[in-house]
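Good morning, and thank you for the time on today's agenda. I should like to take you through one protein model, beginning with the whole chain and then turning to individual residues.

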Amino acid sequence: MRRRSFLAAGALASTGCTSLAVAPAAWAAELQPLGSPGKFDYAWLKGAARDLAHTPYRPHGKALPRDVAALDWDQYQAIRFKPDHALWADERLRFRIRLFHLGLFFKRPVRMFELAGGQAQELAYNPAMFDYGRSGLDGARQPRDLGFAGFRVHVAPDFDRDVAAFLGASYFRAVGAERQYGLSARGLAVDTALGHDEDFPDFTDFWFERPAPGANSVVVYAMLDSPSITGAYRFAITPGELLTMEVDAALYPRRQIERLGIAACTSMFHVGENDRRTARDWRPEIHDSDGLAMHRGNGEWIWRPLVNPATLRFSSFVDKDPEGFGLMQRDRNFDHYQDDGAFYEKRPSLWVQPKGAWGEGAVQLVEIPTVDETFDNVVAFWNPAQKPQRGQELLYGYRLYWGATAPVRPALATCVATRTGIGGTVGRKPQHWSWRFVVDFAGGQLARIDPKTTTIEPVITASSGSIELKSARPLASVNGVRATFDAVPPPRSGPVTLRLFLRADGQALSETWLYEWTPPAPADRKLAPA
């Protein structure tokens, strides 16, 4: 995993732009062609990616000019793309594309092309497209072949704010109706959390297909390259309350890959109601996502709350033909965060919906310790059971949904909060050490069940240790049910997997709550005073 700042600079540079008093200029006049237009379609791109995989990897780009390479955070943020120079700014289209300047963390140039009538025309860097502000950079001194770092998508009627941004390696992100950036996606994750350096593939080229007048979607193609693998991507981006990306990917390994991460989601979890291990901040909770949701191929829904672990934690959830998964921000109550600058309660969730059967594999989750919110420390992805081999073609299609909720929800009750703390009974001297779990469920049939005539049972299992003091009772504040129990760890150290769902009359009432709990070492299990 890399620092959260790997993409954060793009978020700051891509929001809240205001119109600049500059003369309008057509894109074609500002971006001079670097070569003759060429015929382009997705089949050609897949062939190019396949051919590239049969050649040795060569790093992209060249050394940046010294003044560009030396830009610090504030200087880079001072560089703004001029809105009047956006792609399609002089046309009556719903979409516009603005570009990011190179510098700071973004040192590899990315080639950009416009597609019209099946013809691809490469676009050239021109310093006149940028307002350098207080960056200290002299645009007139920059080489004409400097290139760009990435791009962002703007949509009518609000062209001042972007709805999607692609910047850095294969990272990108988007917003739903609340227009608040948060977690990111990646084109691909390679060898994440394997004890050696992770391979971060790059999107090296982008092609922007000119949308038809009135079109609701914009199509972007991308070439992906890394020492391990190449790929051809097609993104159809449709803004809305839930922004949707239709993704098609064709992948061509250069070598056997130990762990391939398809549809990788990257987020941050620092402090939450269930995990306050590093809580030193005045804000009650700090996270972009609070859980991993999974809709398994057998129809089961699983909710796995995120944690900020003391050591790196890797979890694998074996499945076949998954229906979907995603990193979600279910808690959308401002009072739970109290951050009127970052607005964590508005951060989007990201739901992955496979198109077609993905076969056998696992949804895998990596949680990395972090000391603050500047690190992206959570990643989730689909890992196929068969390790990709050199010379293969791997085809994956999926939809990405960005917004407050997933496009599908279980008919059962869902977990809306997880809290933890010392176990035992108040007023009684504890005989042994235990840890309390309090899990709230809402939705489904819970609001319609009469507790006087129907007994709701919490079904709880633990991979080791024991469970005691379990209960389930109505909770009016969420119009649902609160399940509580104490977990007593085994005498030895090690993680404990906890599993919980609600049941009545032999029928499941809720999704499955799944938790990876690491009790303190036996010597650190201090009994609370009576």
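**Overall form of the chain**

Let us begin with the radius of gyration: a compact globule of 530 residues would have a value near 24 Å, and the protein chain has 25 Å, so the two agree. Please keep in mind throughout that this is a predicted model. The C-alpha trace of the protein chain spans about 80 × 50 × 45 Å along its principal axes.

What does the secondary structure of the protein chain come to? It comes to 5 helices and 34 strands. We may also ask how the contacts are distributed along the sequence. If we take contacts between residues at least 6 apart in sequence, 71% of them join residues at least 24 apart.

**Interior and surface**

Of the 530 residues in the protein chain, 55% count as buried. As a general point for those new to the subject, nonpolar side chains in soluble globular proteins tend to be buried together. In this model, the largest nonpolar core has 87 residues. Tyr233, Phe235 and Met245 are the residues with the most contacts inside that core. Apart from it lies another core, of 31 residues, and Trp303, Trp351, Trp433 and Ile456 are among them.

Turning to the outside, the protein chain exposes about 22300 Å², and carbon and sulfur atoms supply 50% of that area. How many positive and negative side chains does the protein chain have? There are 62 positive and 60 negative ones, and the centres of the two sets lie 2 Å apart.

**Two buried strand residues**

I now come to individual residues, starting with Glu114. This residue has its place in strand E4, which covers residues 111–116. Is Glu114 buried or exposed? Its relative accessible area is 13%, and because buried means under 20%, Glu114 counts as buried. Leaving aside neighbours within four places in sequence, Glu114 is in contact with Leu87, Trp88, Gln119, Ala120, Gln121, Leu123, Phe208 and Arg210. Glu114 and Glu209 are 95 residues apart in sequence, yet their C-alpha atoms are 6.2 Å apart in space.

The second example is Val481, in strand E31, residues 480–488. With a relative accessible area of 4%, Val481 is buried as well. Not counting residues up to four places away in sequence, Val481 touches ten listed partners that you can follow on the screen, including Val439, Phe441, Leu446, Pro474 and Leu502. Another residue touched by Val481 is Ile456, which we met a moment ago in the core of 31 residues. Val481 and Cys415 are 66 residues apart in sequence, with 9.7 Å between their C-alpha atoms.

**Backbone details**

Next, some points about the backbone. Where is Pro157 found? Pro157 is in the loop between strand E7 (150–155) and strand E8 (158–167). The peptide bond that leads from Ala156 to Pro157 is cis, with omega near 5°.

Ala263 is not a glycine, although it has a positive phi of about 55°. Ala263 belongs to strand E16, residues 260–267, and with 3% relative accessibility Ala263 counts as buried.

Asp321 is another residue other than glycine with a positive phi, here near 50°. Asp321 is found in the loop between strand E21 (313–320) and strand E22 (324–328). The relative accessible area of Asp321 is 28%, and Asp321 is partly exposed.

**Two exposed residues**

I shall finish at the surface. Ala63 lies in the loop between helix H3 (42–53) and helix H4 (66–69). At 73% relative accessibility, Ala63 counts as exposed, since the term applies over 50%. Ala63 and Lys107 are 44 residues apart along the chain, and 8.0 Å separates their C-alpha atoms.

Finally, which segment holds Lys526? Lys526 lies in the segment after strand E34 (512–517). Lys526 has a relative accessible area of 59% and is exposed. From C-alpha to C-alpha, Lys526 and Glu511 are 34 Å apart in space, with their positions 15 residues apart in sequence.

Thank you for your attention.

How values were computed:
Residues numbered from 1 in each chain as written. Predicted model: local features only at pLDDT ≥ 70, side-chain atom pairs only at ≥ 80, totals over all residues. Heavy atoms only, no water. Core = buried A, V, L, I, M, F, W, Y, C linked by side-chain atoms within 4.5 Å. Buried < 20%, exposed > 50% of the residue type's maximum accessible area, 1.4 Å probe, protein only. Helix = DSSP H or I, 4+ residues; strand = E, 2+ residues; numbered from the N terminus. Rg over C-alpha atoms; globule rule 2.2 N^0.38 Å. Contact = heavy atoms within 4.5 Å. Areas by Shrake-Rupley, 256 points an atom, 1.4 Å probe, with all protein chains shown as cover. Lys, Arg positive; Asp, Glu negative; His and termini not counted. Charge placed at Lys NZ, Arg CZ, Asp CG, Glu CD.
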